[in-house]
Amino acid sequence: MSFKILAINPGSTSTKIAIFEDETEKFVKNIKHSAEEIAKFDNVASQFQFRKDIILSALKNAGFNINEINAIVGRGGLVKPIESGVYEVNEALINDLNNPPLGEHASNLGGLIANDIAKSLNNGTKAYIADPVVVDELQDVARLTGHPDFTRVSIFHALNQKAIARTYAKEIGKKYEDINLIIAHLGGGVSVGAHDHGRVIDVNNALDGDGPFSPERSGSLPTGQLVKLCFSGKKTEAEIKKMLKGAGGLVAYLGTNDAYEVEIKAKEDPKYKLVQDAMSYQVGKAIGEMAAVLKGKVDGILLTGGIAHNPFLVDYVKEMVGFIAPIKVYAGEDEMRALAMNGLMVLRGELSGKTYK
């Protein structure tokens with residue numbers, strides 16, 4: 001028996017949808033939303049009907065009968081920290097998606113829209129979310145920072161990291177739960193995670209916290225200098241937050257968040273090359289830290305995300321950490337496939353849907 005899965009991934013300026021029949025992609029569409037369209041809404045929650053109608057219209061225009069869908073998987077939002085897995089949308093999850101404990105983001109709509117469409121089918125089709133960015137499997141020792149007023153938080157590219165981990169494990173004929181991996185997701189944000197037998201026991205906060213700098217994020221900063229700036233009167237709290245997330249990294253150094261532009265200019269311009277090398281250096285350094293977390297028992301180092309297309313960065317990182325374990329590059333990311341495959345594994349009984357509490 002074959003299964004059809006609808007994947008829904010709302011972003012800040014787009015809504016991506018895809019239909020898979022088992023492992024085969026049958027349809028994918030990236031619906032862009034202009035700033036003017038989004039500006040009509042007071043908040044993310046108020047975009048619900050707008051986004052849902054666009055999804056249903058796109059599927060109808062493509063000739064798909066949504067009554068044939070066996071499962072709908074939405075991108076998970078900023079809910080409470082949870083273990084990795086696929087979660088069936090229930091009342092507790094709906095409540096936290098509507099009132100997100102960690103803040104507003106368009107991804108919060110993924111589970112809500114999936115649930116609404118599933119209920120409208122009235123045929124037993126279930127709605128899920130899979131591996132949201134708040135997946136938290138940190139070991140206790142990794143949570144301490146050095147002061148009890150601060151706690152390390154797990155926010156990272158869980159969906160892509162977990163999907164790539166399972167892909168690599170399958171390629172080498174092993175189960176994800178039986179190996180140790182270090183995975184570096186290199187995108188608008190950078191997350192480097194230590195995967196210990198299926199659990200990410202340590203990872204940097206890729207949203208607005210520590211770790212390597214990225215196209216838009218500052219990553220770890222010297223705390224003394226940061227405190228001094230915060231109290232200098234030169235920047236407001238909002239400006240500091242923007243500096244950490246949105247206007248840091250490549251944007252701060254070079255005025256662009258386009259990593260490909262930096263890659264091209266770095267071939268001729270020493271300033272661009274130095275910044276690119278520094279970003280590569282910090283990624284390699286973070287991978288070395290995670291090797292220590294895994295006590296040197298590393299079966300593979302995986303580089304993924306859009307910036308993994310950059311051969312200069314990849315070579316720089318390989319030179320730094322190639323002695324630790326074999327390195328495999330999975331450039332780009334396929335979140336739609338990752339969402340759909342999580343749903344397929346539940347339909348096939350290879351994974352059990354978890355209960356959000």
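**Entry 1: cavities**

I started with the second largest cavity, which has a volume of about 30 Å³. The model is predicted, so I kept local features to pLDDT of at least 70 and side-chain atom pairs to pLDDT 80 or more, while totals for chains, interfaces and linings use all residues. I number residues from 1 along each chain as its sequence is written, and side-chain values use heavy atoms, with hydrogens and water left out.

My term: a cavity is a set of points, on a 1 Å grid over the protein atoms alone, where a 1.4 Å probe fits but cannot get out; lining residues have an atom within 4 Å of a point. Grid points are joined across faces, edges and corners, and the volume is the space filled by probe spheres set on the points.

Which residues line the second largest cavity? I noted Arg-75, His-157, Leu-159, Asn-160, His-185, Glu-333 and Glu-335. By class, I get one nonpolar, three polar and three charged residues in this lining. I count Ala, Val, Leu, Ile, Met, Phe, Trp, Tyr, Cys and Pro as nonpolar, Asp, Glu, Lys and Arg as charged, and the others, Gly among them, as polar.

How many cavities of 30 Å³ or more does the structure hold? I found two. The largest has a volume of about 70 Å³. I listed 15 lining residues for the largest cavity; Ala-206, Gly-209, Asp-210, Arg-217 and Gly-219 lie nearest its centre. The classes in that lining are five nonpolar, seven polar and three charged.

**Entry 2: strand S4**

Next I looked at strand S4 (residues 71-75). Helices (H or I, at least four residues) and strands (E, at least two) are DSSP runs, numbered from the N terminus. I call a residue buried under 20% relative accessible area, exposed over 50% and partly exposed in between (1.4 Å probe, protein chains only). S4 is mostly covered, with five of its five residues buried.

Which strands pair with S4? Strand S1 (residues 4-10) pairs with S4 in the parallel sense, over four bridges. Strand S6 (residues 126-130) also pairs with S4 in the parallel sense, over five bridges. My criterion for a pair of strands is at least two bridges found by DSSP. On the S1 side, I see Ile-8 opposite Gly-74 in S4. On the S6 side, Ile-72 stands opposite Ala-127.

**Entry 3: aromatic pairs**

I paired rings of Phe, Tyr and Trp (its six-membered ring) if their centres lie within 6.5 Å; planes under 30 degrees apart count as stacked, over 60 as edge-to-face and the rest as tilted. The count comes to four aromatic pairs. The rings of Phe-41 and Phe-50 have centres 5.2 Å apart and planes at 40°, so I logged the pair as tilted. Phe-41 is partly exposed at 23% relative accessibility. Phe-50 is buried at 18%.

Phe-213 and Tyr-253 form another tilted pair, at 5.6 Å centre to centre and 45° between the planes. Why does this pair tie together separate parts? Phe-213 lies in the loop between strand S9 (199-203) and helix H7 (223-230), and Tyr-253 in helix H9 (residues 249-254), so the parts joined are 40 residues apart in sequence. Phe-213 is buried, at 5% relative accessibility.

**Entry 4: salt bridges**

My rule was a side-chain nitrogen of Lys or Arg within 4 Å of a carboxyl oxygen of Asp or Glu. The count comes to 19 salt bridges.

Arg-143 bridges to Asp-136, with the closest N and O atoms 2.9 Å apart. Arg-143 is partly exposed at 24% relative accessibility, whereas Asp-136 is buried at 16%.

Lys-328 bridges to Glu-171, with the closest N and O atoms 2.6 Å apart. This pair links distant parts of the chain: Lys-328 sits in strand S11 (residues 327-331), Glu-171 in helix H6 (residues 158-171), and they are 157 residues apart. Lys-328 is partly exposed at 33%. Glu-171 is partly exposed at 46%.

Lys-273 bridges to Asp-277 at 2.7 Å between the closest N and O atoms. Lys-273 and Asp-277 are four residues apart in helix H11 (residues 270-293), so about one helical turn separates them. I have Lys-273 as partly exposed, at 42%, and Asp-277 as buried, at 17%.

I closed with a network of salt bridges that links Glu-83, Arg-199 and Lys-354.

Key
1 Å grid on protein atoms, 1.4 Å probe; cavity = no way out; pocket = protein on both sides within 12 Å on 5 of 7 lines; lining within 4 Å.
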